[in-house]
Amino acid sequence: DTVEPAPGTRGRRGRTLAAVALTLRDLQRPTAFGAERGGGLRAGSFATRGVVTVLRGFSFVPGVRVSGRLRLTARGDLVGRLRVTGAAAAHGRLTAGRRGRLSARSWDVAR
């Protein structure tokens, strides 16, 4: 199961970015129904308290794990800093911002 690179990107970084976007979309399903804790489809977990959600190795796409803290804004955006790891991922840090934007802070493309 290969993920296509995010629009405007290519290679491992692009596939990782697309995988993270899919993972965050998957996270929004249980939290939208009021779940305070749960697991990722492939691995990891999340815990929500108030407007803050903590991810620990949360994975929707095989080989891509996402960890970090996200805050739900009044506009409904998830904002925060994320760390991406896993066998299929370009390891690095991302910032989740308004309107679903993901921006790379640093990447280790050797992995």
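1. Strands β4 and β5 are antiparallel and are joined by eight bridges; two strands are taken to pair if DSSP finds at least two bridges between them. Helices (H or I, at least four residues) and strands (E, at least two) are DSSP runs, numbered from the N terminus. Within this pairing, Arg 69 lies opposite Arg 81 in β5. The hairpin of β4 and β5 has five residues between the strands, and Gly 76 there adopts a positive phi near 95°.

2. On the basis of the coordinates: this is a predicted model, in which local features need pLDDT of at least 70 and side-chain atom pairs count only at pLDDT 80 or more, while totals for chains, interfaces and linings use all residues. Residues are numbered from 1 along each chain as its sequence is written, and side-chain values use heavy atoms, with hydrogens and water left out.

3. On the overall arrangement: the protein contains one helix and seven strands, in the order α-β-β-β-β-β-β-β along the sequence. Of its 111 residues, 41% count as buried; buried means under 20% relative accessible area, exposed over 50%, and partly exposed in between (1.4 Å probe, protein chains only). The exposed surface amounts to about 6800 Å², of which carbon and sulfur atoms supply 48%; these accessible areas come from the Shrake-Rupley method with a 1.4 Å probe, and for residues only the protein chains shown count as cover. Among contacts (heavy atoms within 4.5 Å) between residues at least 6 apart in sequence, 25% join residues at least 24 apart.

4. On strand β3: six of the eight residues of β3 are buried, and the strand is thus mostly covered. On one side, β3 has an antiparallel partner in β2 (residues 43-49), to which six bridges join it. Ala 43 has Ser 59 of β3 as its bridge partner. Two residues lie between the strands in the hairpin of β2 and β3, where Gly 50 takes a positive phi near 65°.

5. β3 also pairs with β4, again in the antiparallel sense, over five bridges. In this pairing Phe 58 stands opposite Val 66 in β4, and Thr 53 stands opposite Leu 70 in β4. The β3 and β4 hairpin has five residues between its strands, and Gly 63 in the turn shows a positive phi of about 85°.

6. On the nonpolar core: this term denotes a set of buried Ala, Val, Leu, Ile, Met, Phe, Trp, Tyr and Cys residues joined through side-chain atoms within 4.5 Å. In soluble globular proteins, nonpolar side chains tend to be buried together. The largest such core here has 21 residues, and Val 20, Leu 55, Leu 70 and Leu 82 touch the most other members. At least two residues each come from α1 (11-32), β3 (52-59), β4 (65-72), β5 (78-85) and β6 (91-96). The largest contribution, six residues, is that of α1. Leaving aside residues up to four places away in sequence, Leu 55 touches several residues, including Leu 24, Leu 27, Phe 46, Val 66, Leu 70 and Leu 82.

7. On Phe 58 and its aromatic partner: Phe 58 is found in strand β3. The structure holds one aromatic pair. Phe 46 and Phe 58 form this pair, with 6.0 Å centre to centre and 75° between the planes, an edge-to-face arrangement. Rings of Phe, Tyr and Trp (its six-membered ring) pair if their centres lie within 6.5 Å; planes under 30 degrees apart count as stacked, over 60 as edge-to-face and the rest as tilted. The two residues are twelve apart in sequence, Phe 46 in strand β2 and Phe 58 in strand β3. Both rings belong to buried residues: Phe 46 has 3% relative accessibility, and Phe 58 has 1%. Beyond residues up to four places away in sequence, Phe 58 touches, among others, Thr 23, Asp 26, Leu 27, Ala 43 and Val 66.

8. On charged side chains: the structure holds one salt bridge, defined as a side-chain nitrogen of Lys or Arg within 4 Å of a carboxyl oxygen of Asp or Glu. Asp 77 forms it with Arg 75, and the closest N and O atoms are 3.7 Å apart. Asp 77 is buried, at 11% relative accessible area, whereas Arg 75 is exposed, at 55%.
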